[in-house]
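Got a minute to go through the empty space and the ligand site here? Let's take it term by term.

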Amino acid sequence: MNIVLGITGGIAAYKAPDLVRRLRERGAEVQIVMTVSAEEFVTTTALQAVSGRPIRSNLWDKEAEAAMSHIELARWADIVLVAPATAEIMARIVSGAAPDLLTTICLATEAPIALAPAMNHVMWNNPATQANRELLEQRGIHILGPDTGSQACGETGAGRMLDPETIAATVCGLSVGKGKGALEGRTVIVTAGPTREAIDPVRYITNRSSGKMGYAMARAAAAQGANVVLISGPVNLPPPTGMHVVNVITAQEMFDATHEHVGNADIFVAAAAVADYRPTHVASQKIKKSKETSRIELVRCPDILTSVAALKRAPFTVGFAAETQNVEDYARLKLEDKKLDMVVANKVGDGVGFDRDENAVTVLWRNGRQEFPAAAKSDLARSVVDLIAQNFQAAQGADTEPRLTVLSNLD
Ligand code: PMT
């Protein structure tokens, strides 16, 4: 993948060398284009060393233009990534102004553009910036993040650039360049994250799921051209772009949202850690401490995965199995008992599986299995979604084999 990486004048520019390294680790070629103000934050020497290519910044650099003009650069790119993206560059891209090399490439390229905003939270929340963000998204420009948290200026809020690993994984997961994704035009529903089952207005039962695996699966499916509906329990992750996100809290709400959308789905991926039980009775007031021990009666929650697989016109159904022991045996039992098309088995507990950036899985299906060793969930999700797409297409091929009607001359 050829990436033009635009770097603009924000303090987060110091992270650019790390971002370049992560993009190149994923096999991308990276051509850096800096704005004048970016050079206040990071040296061209560092960037040239890490990218292995001469840095471009000046539209009027005759020698560089002779080697590769701004139009050739715009054509060379499979994607133009601007990280960090200041409020000012967002405004310039919206207006179509092109006073420098980076904005000229943004105007001239036909490749997708992704921006990773980085600015003070007041600037990010400024109506002008938010209006620009909205316009850019309407034009199909990917807005990655921003994150929320403490900022270089000492204040706290939204506007922090996403970490380089997340940016690299997201950009490399986009289906860019020639050809279409393996799931082009297909509708994929993904459930992600935990659910919360109330005990009283203050307390609830939940689990350690962060949503990272499910979000990675959703992004990987979208990167393969699918229309994705992400049904998400309560998580602390930036909402992914390029898909429809439905936020839910309880298992029942996740069940209802799933069945609201499953009618149009080609594929259903159940990555969520859905509660198996909820309190039979939810107290209307906070339960006061009294005796030494207290008991809560629990009742089964609806099993979303089983209910989808049992539909008359069920989508291609992929479950996850989170086990602390006998992982593959229990997963294969789920595959058979729930009549799934595939199951993704992963070990959880002892600090693996939940809320980690990495995972290791074994994918099982009726007559096959494939192991995927520990890797970043974003990379793992891309491999698993590729495998799902292959099996889905095979199943489609089997199901849509032209029905041969043999006209017997005995009729
Ligand atoms: O979110 P992360 O922090 O990234 O962690 C990822 C993960 C460990 C949560 C994920 O990889 C995973 O294993 N998700 C499934 C967790 C789970 O509930 O596994 P299970 O074996 O208990 O459930 C089996 C399957 O039934 C799952 O597909 C689950 O979504 C589904 N299920 C379970 C209960 C229920 N009431 N309805 C369901 O649909």
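Q: What makes the lining of the largest cavity nonpolar, polar or charged?
A: The lining divides into nine nonpolar residues, no polar and no charged. Ala, Val, Leu, Ile, Met, Phe, Trp, Tyr, Cys and Pro count as nonpolar, Asp, Glu, Lys and Arg as charged, and the others, Gly among them, as polar. Leu183, Val188 and Met217 are among the lining residues, so they fall in the nonpolar group.

Before going on: this is a predicted model, where local features need pLDDT of at least 70, side-chain atom pairs count only at pLDDT 80 or more, and totals for chains, interfaces and linings use all residues. Residues are numbered from 1 along each chain as its sequence is written, and side-chain values use heavy atoms, with hydrogens and water left out.

Q: How do you know that a polar side-chain atom of Asn346 makes a polar contact with the ligand?
A: That atom lies 2.6 Å from an oxygen atom of the ligand. A polar contact is a pair of N or O atoms within 3.5 Å, so this pair qualifies. Lys377 has a polar side-chain atom 2.7 Å from a ligand oxygen, and a backbone N or O atom of Ala271 lies 2.9 Å from a ligand nitrogen.

Q: How much of the ligand does the protein bury?
A: Alone, the ligand exposes 770 Å², and the protein buries 95% of that. Accessible areas come from the Shrake-Rupley method with a 1.4 Å probe; for residues, only the protein chains shown count as cover.

Key
1 Å grid on protein atoms, 1.4 Å probe; cavity = no way out; pocket = protein on both sides within 12 Å on 5 of 7 lines; lining within 4 Å. Polar contact = N/O pair within 3.5 Å; in protein donor to acceptor, adjacent residues only side chain to side chain.
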